[in-house]
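Colleague: Please look closely at one proline-containing loop, and then set that part in the context of the chain contacts and the relation between the copies.

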Amino acid sequence: MEFTVKDVAAFLDGVVEGDGSIKVSNISKIDQGVPGTLSFLSNPAYSKYIYNTLASAVIVNKDFQPEGPMNCTLIRVENSYASLARLLNLYEKSKPVKRGIEQPSYISSTAKTGENLYLGAFAYISDKAVIGNNVRIYPQVYIGDNVVVGENTILYSGVKIYADCRIGANCIIHSGAVIGSDGFGFAPTSDGTYSKIAQIGNVIIEDFVEIGANTTVDCATMGSTLIRKGVKLDNLIQIAHNVEVGENTVMASQAGISGSVKIGRNCMIGGQVGIAGHITIGDEVKLGDQSGVMTSIPDKSVMIGSPVMEHRAWMKSSAIFRNLSQLRNDVIQLQKLAKQQDKE
Amino acid sequence: MEFTVKDVAAFLDGVVEGDGSIKVSNISKIDQGVPGTLSFLSNPAYSKYIYNTLASAVIVNKDFQPEGPMNCTLIRVENSYASLARLLNLYEKSKPVKRGIEQPSYISSTAKTGENLYLGAFAYISDKAVIGNNVRIYPQVYIGDNVVVGENTILYSGVKIYADCRIGANCIIHSGAVIGSDGFGFAPTSDGTYSKIAQIGNVIIEDFVEIGANTTVDCATMGSTLIRKGVKLDNLIQIAHNVEVGENTVMASQAGISGSVKIGRNCMIGGQVGIAGHITIGDEVKLGDQSGVMTSIPDKSVMIGSPVMEHRAWMKSSAIFRNLSQLRNDVIQLQKLAKQQDKE
Amino acid sequence: MEFTVKDVAAFLDGVVEGDGSIKVSNISKIDQGVPGTLSFLSNPAYSKYIYNTLASAVIVNKDFQPEGPMNCTLIRVENSYASLARLLNLYEKSKPVKRGIEQPSYISSTAKTGENLYLGAFAYISDKAVIGNNVRIYPQVYIGDNVVVGENTILYSGVKIYADCRIGANCIIHSGAVIGSDGFGFAPTSDGTYSKIAQIGNVIIEDFVEIGANTTVDCATMGSTLIRKGVKLDNLIQIAHNVEVGENTVMASQAGISGSVKIGRNCMIGGQVGIAGHITIGDEVKLGDQSGVMTSIPDKSVMIGSPVMEHRAWMKSSAIFRNLSQLRNDVIQLQKLAKQQDKE
């Protein structure tokens, strides 16, 4: 598809500055701009690229002040990032959507599937599973006994969902994610071996949740591991048994949440963060990358470090740590001085 | 299934306190208790929930002393956690077990399979593989050439086992786990590229091992990567080439063990721990979450931190780190004082 | 296959010391040597094993000086490690290579496949995909729409490649790796929920790249996530959207690279390293295990720690941290002394 810059500006309620008749057919990053594409500028760190970009047009915030000549047409909008998101989503929606049931695939005779299903080849729907309308199940997905999948949800190739789990509507689960694997529960015995504690609970994922590639969410020992409405989990995250993640909490890649942790709503959990078992994280908490959390944390805390501490204190302590040998040398100097004075 | 509390108590060699004729049909967590369910109290931190739980009956330790009125029937037992484990396992065993060979699936004409097999659709058994009796292989599992799988082992959907690996009896491997992928071995060349070193060894997993979802165990360069009897690995763990993990060692999620590390028996390795290559971890070692281990560690050590140190010393150092700017200010104050004295 | 030690030495341009007529049929580690096998000594830490190894012959560097009697024949070569690599590769190449198309598998009528293909059962090739000559695609692999796979590349069982990605020639991708899953991009909205930003870019993997088991590489928001020629990624690594990894850079297990990071060529990234978004890592940079990187790093830096610092400074600071309570006690002692002097 090809549009004039003028048409794009009209769609975005934007104002054209320059030649509005130029045609664009794709979207590019401003530092990798290509003629015939539309780019955007939102992060000020990238402003320097606008003066040399090869993109034909660039979407900018309406108050953008150029500091030199440019070769591109501008589209001034209220919020360039939001405008970009609208265009990307438009582009995405223009792609054909897969529908129909490919063969060979496997649907148990006791499973129920909704209208407008896409079921890829080699996908498997087990006994008594219930699949909503407009669901897309890519090849090689596994859906266990009694699983429920809500409408409009997309399960990409190779997703595995164990028996009894419930997936909400409008969710997206990426390839290789595992939902409902056994919690890590073992009882030590007197001879040093461990005996397995059966994990009879499930996972409940509410609506509008996105789960990244190869992320794992264990079932509860009893009851449910809960991923609330609007949660977004990145790739390679571990959610252990009986965890609850509150509404709209987002979690970056490789975070690990231990058993029975309760995380509040609208939190931001950084990459590679680890949270120890049985503690509570309040609402709107922000945890920096690689944080290690060993005790409960109140609402709205902004913390980092391992073990975590208040963010500004961590900045100071880390700066001193960098020159810790200087601090020690200062102390040794003072000790020498004291000794000398003692002699005098 | 439904049981009276009296029947459950008899099964557990427990004593009923309250109405033993009440019926229960499921197990619940005490803080999420529901009428008609049986709950339990083991962790003292959860004692407060027993006074308001809606669970019909609660299993407690025989010396439990209530501190207020309760609405539930009690079952007093020797060890409430062990009793719970027995009940959960009973519940689990009451579920129907999958058996038979679903179609389409793939079994090489040179493979051997035992009695009572469950083979899910789209599962693949390659040339000369040998599968023991009562093995359950869920859909979309891959079993490479010459692989041996011992009896009663369960491979959940999507497990991948490379050629030549050996899996013991009574093992459980969860979805997405990869056994026998190439070790990370490359030789630098003079032009800055790397040439691959063929990884011709295998993985040997002994009996009663459980391996978590999306965990990876690389094959040895030569010889075998060894996971000893009774080892329990959580999700998303990395075990590199030629590692040996000793009997009954348990490892929490996202731990990473580098090449040729030898870990002793009955160790407890925390989540997100990293262990550098070619070192030895003794028996009964405990490593706290997020530890980083760069040198060998003797038997029975209890360590944490990155780099690891003795646990109590780490607690002290971490507490001081939290106020490191205070320590520096104290030193600056002393320096000023010394300067002043010098002038006087 | 069986060879005389003399034949092996000739192949390696080596010199036999001892009985060259002995026959060997496999390769073993020196500390696990078995009669009838050939072992090697490269890492000096393993020298002690040569005096008792049961291996029939051992490849050593030409300047190796034994410190005691040995039972094995020696083969002296220029570089024992390189010689080992040659032998392992020879052994690997002697194994039969899978070819042909197994059934059931799925090839879209609009896909193109090259000569000499291996396509395992339950593998899936989607619309308009283009597969080069001599490619091996193991069972249960998924290849999305428009994907290009270069010649001689191997995709092990369960690899998932999303639409529009391009994989170079002579690559190896291990089981469970996911290429092209959506980048983690969400725009916060005024009601606290997040709206998804469509990820319309792809992943480009150049030639001679190896990607480990269960590693994830997200597609770009726009444009391409780039894995340059000769890059080697270990298992369970996260590469976020719009990252670029430079030629011949190697990365150990469980490293995580955030969005839009640019990594130079010939870097060595340690295990469990985390790199924050939108920064640049120069060429030939070495980052120690578990490093946390929050700002850009110049060429040839050798760094470690979280946040990272120069390697030697980190060694010193870490050593002091280990006894931080001693340092504090010294300061307290000085304070007491000062107070006392003040009184006097």
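Modeller: B:P307 is placed in the loop that runs between strand 39 (302–304) and strand 40 (309–310) of chain B; strands here are DSSP runs (E, at least two residues) and helices are likewise DSSP runs (H or I, at least four), both numbered from the N terminus. The peptide bond leading from B:S306 into B:P307 is cis, with omega near 5°. As background, most peptide bonds are trans, and most residues other than glycine have a negative phi.

This is a predicted model, in which local features need pLDDT of at least 70 and side-chain atom pairs count only at pLDDT 80 or more, while totals for chains, interfaces and linings use all residues. Residues are numbered from 1 along each chain as its sequence is written, chains are lettered from A and ligands numbered from 1 in the order in which they are written, and side-chain values use heavy atoms, with hydrogens and water left out.

Two further backbone features may be set beside this loop. In chain A, the bond from A:Q103 to A:P104 is also cis, with omega near -5°, and A:P104 belongs to the loop between strand 8 (100–101) and strand 9 (106–107) of chain A. In chain C, C:Q254 has a positive phi, near 70°, although this residue is not glycine; C:Q254 sits in the loop between strand 31 (250–251) and strand 32 (256–257) of chain C.

The interface of chain B with chain C involves 72 residues of chain B and 65 residues of chain C in contact (heavy atoms within 4.5 Å). About 5000 Å² is buried between chain B and chain C, carbon and sulfur atoms giving 61% of this area; buried area is the accessible area (1.4 Å probe) that two parts lose on being put together, summed over both. Between these two chains there are 3 salt bridges, a salt bridge being a side-chain nitrogen of Lys or Arg within 4 Å of a carboxyl oxygen of Asp or Glu. B:D145 and C:K98 join their side chains in a salt bridge at 2.9 Å, N to O. The same interface has 31 residue pairs in polar contact, both residues at pLDDT 80 or more. A polar contact is a pair of N or O atoms within 3.5 Å; within protein, one must be able to donate a hydrogen and the other to accept it, and residues adjacent in sequence count only if both atoms are side-chain atoms. Among the elements of chain B that each supply at least two residues to the side touching chain C are helix 3 (311–322) and helix 4 (324–343). That side of chain B comprises 35 nonpolar, 28 polar and 9 charged residues, where Ala, Val, Leu, Ile, Met, Phe, Trp, Tyr, Cys and Pro count as nonpolar, Asp, Glu, Lys and Arg as charged, and the others, Gly among them, as polar.

Chain A also meets chain C, with 65 residues of chain A in contact with 72 residues of chain C. The area buried between chain A and chain C is about 5000 Å², 61% of it from carbon and sulfur atoms. On the side of chain A, A:F122, A:F321 and A:R322 lose the most area to chain C, together 11% of what that side buries. Across this interface there are 3 salt bridges, and C:K196 forms a salt bridge with A:E210, the closest N and O atoms being 2.9 Å apart. This pair links strand 23 (residues 194–196) of chain C, which holds C:K196, to strand 25 (residues 210–211) of chain A, which holds A:E210. Polar contacts between chain A and chain C amount to 32 residue pairs, both residues at pLDDT 80 or more.

As for the copies, chain B is superposed on chain C by a rotation of 120° with 0.0 Å of shift along its axis, at an RMSD of 0.1 Å; the fit is by least squares on the C-alpha atoms of residues with pLDDT of at least 70 in both. The two copies are thus related as by a three-fold rotation axis. Within chain B, the C-alpha nearest this axis is that of B:F122, at 3.6 Å from the axis. Chain A is likewise superposed on chain C by a rotation of 120° with 0.0 Å of shift along its axis, RMSD 0.1 Å.
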